[in-house]
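Reader: Please take a close look at one part of this model and describe it in a connected account. I should like the cut-off behind each term to be stated where the term is used.

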Amino acid sequence: MTQAIETLQNWMDNTGNIVFYSGFGVSHESGIPDYRRMEANHFDTYKYPVETILSRPFFERKAELFFQYYRNRVLAPLLTADPNPTHQKLVELEKADKLRMLITQNIDELHQEAGSRKILELYGSVMRNNCPRCERFLSALDIYERSTAPTCDVDMCGGMITPDIFLYGDALNPDILNNAIYYALTANLFIVAGTSLAEYPAASIVHHYTGNKLVLINEEEGPLDHRANLIIRAPVSEVMAQLTVNPTP
Ligand SMILES: [Zn+2]
């Protein structure tokens, strides 16, 4: 165990007020590819940049192409992914009453699949899909298995089933964002993992932390590194697997 991980272990042992903020890197370690970094490859197939395809106007105007992309590039890898040691350790921390809140940028519900219950999803979840007219629910698998854009099949409804996820150009849900800020503001130990904190407003949450135990676990450098009290440059699950959940004294 390195000195940095020992410090983190020590901070964890001494508080029952941990807030953990998980970024895409945590999902990536479960084998989910970063579709934003496969740009060249998409462009040949879909003729639009990913920021255009995964935007609200595109969803509204070109639903068939949106869902074709969404099924193949977003849903397919999520539906076969399993939780990793990070997801599991967070469940242990919650059960030991040490984790006050888990804030996540991820839309795959791997945290919930592992057993996390206290969670704020900044960008929504692909698992929740509803008709905006009649609330008819479809699972992610239902959507994946359809070969066309999923219109609502209740009577004559015909509404477009809408995934509850953040699309480019959307504002973050203000209630969830404010809640996340509240937990950042009142955390004793704030651990941010698997994100370089380069995107706003998701990164702004970190600015609200007022304590002196901000831990960043990420392989890459980021613009908020200077605010960290401890930086660990390693895969998140490698770090989390080494930590032991001990009762708070
Ligand atoms: Zn409907």
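Author: The account below begins with the metal site and its sheet, and then turns to a helix and its aromatic rings.

The model is predicted, with local features requiring pLDDT of at least 70 and side-chain atom pairs counted only at pLDDT 80 or more, while totals for chains, interfaces and linings use all residues. Residues are numbered from 1 along each chain as its sequence is written, and side-chain values rest on heavy atoms, with hydrogens and water left out.

The zinc ion is held by the SG atoms of Cys-131, Cys-134, Cys-152 and Cys-157, at 2.2 to 2.3 Å. Donors here are N, O and S atoms within 2.8 Å of the metal (3.2 Å for Na, K and Ca); water is not among the atoms, so sites may look incomplete. The angles subtended by the four donor atoms run from 100 to 123°, which makes the arrangement tetrahedral; four donors earn that term if all angles lie between 85 and 135 degrees. For reference, the ideal value for four tetrahedral donors is 109.5 degrees. Along the sequence, the donor residues follow the spacing C-x2-C-x17-C-x4-C. Cys-131 and Cys-152 link distant parts of the chain, being 21 residues apart: Cys-131 sits in the loop between strand E4 (124-130) and strand E5 (137-138), and Cys-152 in the loop between helix H9 (140-145) and strand E6 (162-165). Helices (H or I, at least four residues) and strands (E, at least two) are DSSP runs, numbered from the N terminus. Cys-131 counts as buried at 1% relative accessibility, and Cys-152 is buried at 6%; buried means under 20% relative accessible area, exposed over 50%, and partly exposed in between, with a 1.4 Å probe and protein chains only.

The strands that flank these loops belong to an open, antiparallel sheet of three strands in the order E5-E4-E6. Strands E5 and E6 are the edges, each pairing on one side only. Two strands pair if DSSP finds at least two bridges between them, and E4 and E5 are joined antiparallel over two bridges. Leu-138 in E5 is the bridge partner of Asn-129.

Helix H6 calls for a separate description. A straight helix of its 17 residues would span 24 Å at 1.5 Å a residue, yet H6 spans only 21 Å between its end C-alpha atoms; the expected span is 1.5 Å times one less than the number of residues. The helix bends by about 40° at Tyr-70, the bend being the angle between axes fitted to the seven residues ending there and the seven starting there.

Tyr-70 also takes part in an edge-to-face pair: the structure holds eleven aromatic pairs. The ring centres of Phe-67 and Tyr-70 lie 6.0 Å apart with their planes at 90°, so this pair is edge-to-face. Rings of Phe, Tyr and Trp (its six-membered ring) pair if their centres lie within 6.5 Å; planes under 30 degrees apart count as stacked, over 60 as edge-to-face and the rest as tilted. Three residues separate Phe-67 from Tyr-70 along H6 (residues 63-79), which means about one helical turn. Both residues are buried, and together with Phe-59 and Phe-66 they form one aromatic cluster.

Notes
Four donors count as tetrahedral if all angles lie between 85 and 135 degrees; four count as square planar and six as octahedral if opposite donors are over 155 degrees apart and all others between 65 and 115; anything else is irregular.
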